[in-house]
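Me: I'm new to this one, so could you walk me through it step by step?

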Amino acid sequence: MKLGWIGLGLLLPTLAPAAPGLEAVTVTTAGTGQTYTVSLQVLAVMTLLAVLPALLLSMTAFTRILVVLAILRQALGTGQTPSNQILIGTSLFLTGFVMLPVFDKAYQEGVAPYLEEKIEAGEALKRSLAPFKAFMLRQTRETDLALFVRLSGRESLESREEVPFSLLLPAFVTSELKTAFQIGFLLFLPFLVIDLVVASVLMAMGMMMLSPVVISLPFKLMLFVLVDGWALVMETLAASFYSI
């Protein structure tokens with residue numbers, strides 16, 4: 001994914017081979033010791049790889065997509081089908097589709113000029129983060145942004161473009177969770193109606209010992225397949241990021 005290449009491109013060394021290192025481990029054999037070091041660049045790259053999952057969760061469309069798909073599975077009542085691995089994989093690929101224009105812009109404006117040695121690393125990082133910030137600002141509600149501005153003790157901000165990442169990240173995640181639950185509520189309603197109708201019919205027939213879930217599940221699956229539910233859900237999720 002290009003987000004990983006963006007980070008790696010900013011951290012890859014352009015220094016001489018004799019880069020400074022940190023003592024990692026010392027091996028002693030027959031009274032002699034040998035110290036092995038880890039270069040600062042390798043340490044920085046490994047740190048970035050550890051931080052990438054958090055960046056994926058907090059700066060992209062992944063949170064909204066995964067929460068909606070999880071709620072959809074719960075509404076269908078299919079237990080662990082699709083499995084968590086399938087949901088996460090689907091969310092990752094759909095996130096890549098939604099975020100592809102942002103990744104491309106960040107690479108072209110930040111990483112590519114840095115790799116060509118046209119700009120410094122600090123400027124490259126600033127340019128690479130600008131498309132992500134613009135994307136996050138479009139998806140963040142004013143109320144959520146104002147909440148974290150107030151919690152930070154600031155009076156106000158002159159414009160949305162001046163919002164620092166320390167405020168934008170939690171506001172964006174909060175807004176994404178709210179949007180995901182709103183979409184999940186709308187998805188839940190038709191399946192809830194089917195559950196209520198089936199439960200009422202079973203009660204009227206005196207079959208109170210029979211679980212309504214056993215009867216309603218085939219009807220919910222049939223409805224979902226007939227309306228081409230997966231395509232509709234994917235289309236709605238992808239379009240929701242460009243409707244603001």
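**Getting oriented**

Reply: Happy to, and keep in mind that this is a predicted model. Going along the sequence, the protein chain runs α-β-β-α-α-α-α-α-α-α-α.

Me: So how many helices and strands does the protein chain have?

Reply: In that pattern each α stands for a helix and each β for a strand. Tallied up, the protein chain has nine helices and two strands.

Me: What share of the residues in the protein chain is buried?

Reply: A residue is called buried when its relative accessible area is under 20%. The protein chain has 244 residues, and the buried share of them is 35%.

Me: And what share of the accessible surface belongs to carbon and sulfur atoms?

Reply: The accessible surface of the protein chain adds up to about 14,500 Å². Of that, the carbon and sulfur share is 69%.

Me: Are helix 3 and helix 9 roughly parallel or antiparallel?

Reply: Helix 3 covers residues 62-76 and helix 9 covers residues 229-240, with their axes 11 Å apart and at an angle of about 150 degrees. Angles over 145 degrees count as roughly antiparallel. So helix 3 and helix 9 are roughly antiparallel.

Me: Which residues of helix 9 meet helix 3?

Reply: On the helix 3 side, the residues taking part are Arg64, Ile65, Val68, Leu69 and Leu72. By class, this contact has eight nonpolar residues, one polar and one charged. Their partners in helix 9 are Trp230, Val233, Met234, Leu237 and Ser240.

Notes. Residues are numbered from 1 along each chain as its sequence is written. This is a predicted model: local features need pLDDT of at least 70, side-chain atom pairs count only at pLDDT 80 or more; totals for chains, interfaces and linings use all residues. Side-chain values use heavy atoms; hydrogens and water are left out. Helices (H or I, at least four residues) and strands (E, at least two) are DSSP runs, numbered from the N terminus. Buried means under 20% relative accessible area, exposed over 50%, partly exposed in between (1.4 Å probe, protein chains only). Accessible areas come from the Shrake-Rupley method with a 1.4 Å probe; for residues, only the protein chains shown count as cover. Axes are lines fitted to C-alpha atoms, for helices over the stretch in contact, and angles run from 0 to 180 degrees between N-to-C directions. Angles under 35 degrees count as roughly parallel, over 145 as roughly antiparallel, 65 to 115 as roughly perpendicular and the rest as oblique. Contact means heavy atoms within 4.5 Å. Ala, Val, Leu, Ile, Met, Phe, Trp, Tyr, Cys and Pro count as nonpolar, Asp, Glu, Lys and Arg as charged, and the others, Gly among them, as polar.
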